[in-house]
Amino acid sequence: MPQEYCFPLARGWEVAALPPYDGAEPPALDGLDWIPASVPGAVQYDLMAAGRLENPLASREAAAKAAWVPQGDWLYRCRFTCEAPPAGLPQAALEFESIDTFAQVWLNGALVGRAGNMFRPYAFPLGQGPLRPGENTLLVQVKAHRRIVSQQYPDVERIAVSSNPTAHQERALIRRYQRSYNTSLLNLGENVIGIGIPGPVRLCFYPLAYITDAYAITEALHEDGRATVRLGLEVQGAKGKPAPLTCSVALYEAGREEPAAEMCLPVARERLEATLTLPQARLWWPAGYGEPHLYRLRATLSSREGVIHTLERRIGIKTVELVTSLPNGRPIFQFRVNGQEVYARGGNLMPLDAIKGRGTSEAYRRIVRLALLAHMNMIRLWGGGVPEDEEFLDLCDEAGVMVWQDFLYHSGTYPDDDPLFMAEAEAEARDLIRKMRRHACLSLLCGGNEQQQGWDEWNWKAEMDRFYGERLIHNLLPRVCQEEAPHIPYIPNSPHGGIGGQSPTVGDTHTWGNYYNATKDPLFVTETCWIYDSYSRPETLRESMALDVEAFASKGWHHRWKERTGLSLFTKFPFTHYYDVSSLRGYLRALEIEQLEADYQALAYLRFRSPSCKGILYWPLNKGGPLFGFGCIDYGQRPLMAYYALRRLFADAAIHLYRDIEALRVVGANAGARPLQGTLRLWHLDAQGQVRRYWEIPATLERGESVRLFDVADFYPRVIDRTREFAYAQFVVEGKVLAEDRLLFCPLAEFREEKAGLQAALEPAGPSAWRLTLKASAPTMLVEIESDRRLLYGDNDFTLTLLAPKEVWISALEGEPSGGQLTISTLDGERLSLALEE
């Protein structure tokens, strides 16, 4: 007997503009101008495909011209054929993963449901009436955001702030992608607000009683290897059944049919709990600390007649704690997983699509792979974003990437005095927790992003009679978290704890600014980045904006750039002094180089010279738009130079050189699971590659510590020409270089290199993989490897010395075609090109 049956409604959609309409009957269809639509999708993309809208990401003017789209109502239509449902599945429902935002849904003329929150899934029961065998017509009206918001909260001025009152009021009252109301998302001086159906739509059939949720809470890990696990189950339709129902639950190792543990219990209510003991539990560990092992959980609902419904999930056996004080009472902020302290390394994920929010399967796979290969073990889903897709969470489960989940409130006030708003906030919170809690990766729940900081620091106290949103993060959300996921730590906001967002003494901090604030020894850095912009790579600008950087190469190109984007040129490059405005391509590269050096210096201070700091989450991991100013992965999931700086700094073992008056100091850090014993090698080199001095000593990096490995008291006085000499170090274990660093004694642009004389050999190393070997006749301070394909490099944007050839493995990211070119270049413009042959 089939236990459930769902099929996607992904084809045959069309959309039309609709005059404002609020009736319960279907709107009149006469005279509507239909165009093909994609679901999941957004109206803007459908209009672009039909040739009726210029790409709103293409320019400031195009973004402004697209402002009308979310200000009108839209009607989606889908005609589909439904065969008779399988026997034993009498309940039908239309399920929407996400609707943006205010909507009414009709099936064959009958109103079946309403929606008002992009962040919530909706399941509309169909009962016995609307669905027909054969052809059916589904209508979804998505209403103009502003038209509905204006009716929601008459006293909205009470919670508005003067910095941007219109956008702030709308963002506070609508439950949709919050950051899209900040013009900085696109950096075009205009907002592009999506509207449509960004999530999948399904028609599903279920039995009268079925399991809707199954999750695991690890209650205890015992010294003898046993684990006590409490399983939570939710059963729809369990009440009022005359025949008794039972539910059996079992945990299986992957690929095995014999359960590792199982039990059966009667179904007397809709929420059930069962406690199992695993005799030799295999634990889920964060990346770098062990295997992220997953069990298969199978829950089976049965009656006297047999099996009614089965639900399977993958679960991890893990405990997670947030440690906030040491035994001596000193404040700390550190994650402890399965009883072991974890050094968190990661980034904040921005929605992968600037208009509809959700990414594609391919994009999710790319971003998780990029995070993992940069030695990251945590991703923060920050309060300005959207609930991410189950596929993304599954990938994090598999990869051992912990997830810090903010509730979706961002840098603003919210009407916590409105009962309807608070009721919707509670329902939204329960939906999000129930989605997240079954995933092993979930490690923290947080009340939102920068609301508390706004009240404390951004002059809101001079404009409002109280902190609107305080009851949300300090009362409602912690109560719901305790009821739905008591095993997951909760904090009220990020940042939180001190007197301001950059307080280093309590809680977590947002360390913007970058260099000075990095010196304060914060406990945990949840956001950190350089304050100036960089933009996406030229290939991404071409794909997402139809912008050809080569058209911005003649004199006066910056005027055309500003006319198109509204962006003036940055003129200060304090870290590198590298300033290239000869063309847009050169300028984009200069911004990346500055970001690379600025991020590296600040993050190195946090990693090596901040003993209280137990985690660094880069802001953001990825750019939320083609011209979004921050991020180390661009809008097309192409790594920027700063990505490779993070990759070096986030490695389990890393070293750093710095000058302290006349001494040179070498420090190291080990965030891995075991101590490392190796050799430290240190060179004093000149621009020709000649060795001025050399040191080699045994060195040990203890687990979880940052230590000073070596000092050379007279290094700096022995440097004669600061523009022609540098220090270089390696940490070597069993003949393998695990970490390296170089130190200049002048800004990067002032270092006077010899001609590098690059030599390169490229050979295939597997499907869509290559091995690149580089040599040079003189050291070069920055070697950049680029391609017209999306490639991932084992190292990039590095210093190449004469000490040994440099080997770099290269692989294609998901979905990339074959062929293409590889380009290797130095800071002074020397270039080599190689064909990528499979």
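Select Arg589, Glu592, Ile593, Gln595, Leu596, Asp599, Tyr600, Leu603, Ala604, Arg607 and Phe608 in helix α13, and then add Met641, Ala642, Ala645, Leu646, Arg648 and Leu649 in α14, because these are the residues through which the two helices meet, with contact taken as heavy atoms within 4.5 Å. If you colour this selection by residue character, the contact of α13 with α14 divides into eleven nonpolar, one polar and five charged residues. Keep in mind throughout that the model is predicted.

Next, show the two helices whole, α13 as residues 584-608 and α14 as residues 641-649, and look at how they pack: the angle is about 20°, and their axes lie 8 Å apart. Since angles under 35 degrees count as roughly parallel, α13 and α14 are therefore described as roughly parallel to each other, and their crossing is right-handed.

From the helices, move on to the sheet, where four strands in the order β37-β38-β42-β40 form an open arrangement with antiparallel pairing. Select β37 (759-764) and β40 (791-793) to find the edges; each has a single partner strand, so one side of each is left without a neighbour in the sheet. Viewed across the sheet, neighbouring strands are turned by 25° against each other on average, direction ignored.

Finish with the pair formed by β38, residues 769-775, and β42, residues 806-812, which run in the antiparallel sense and are joined over six bridges. To inspect one bridge in particular, select Thr773 together with Glu807, its bridge partner in β42.

Note on methods:
Residues are numbered from 1 along each chain as its sequence is written. This is a predicted model: local features need pLDDT of at least 70, side-chain atom pairs count only at pLDDT 80 or more; totals for chains, interfaces and linings use all residues. Side-chain values use heavy atoms; hydrogens and water are left out. Axes are lines fitted to C-alpha atoms, for helices over the stretch in contact, and angles run from 0 to 180 degrees between N-to-C directions. Angles under 35 degrees count as roughly parallel, over 145 as roughly antiparallel, 65 to 115 as roughly perpendicular and the rest as oblique. A crossing is left-handed if the near helix is turned anticlockwise from the far one by less than a right angle, and right-handed if clockwise. Ala, Val, Leu, Ile, Met, Phe, Trp, Tyr, Cys and Pro count as nonpolar, Asp, Glu, Lys and Arg as charged, and the others, Gly among them, as polar. Two strands pair if DSSP finds at least two bridges between them.
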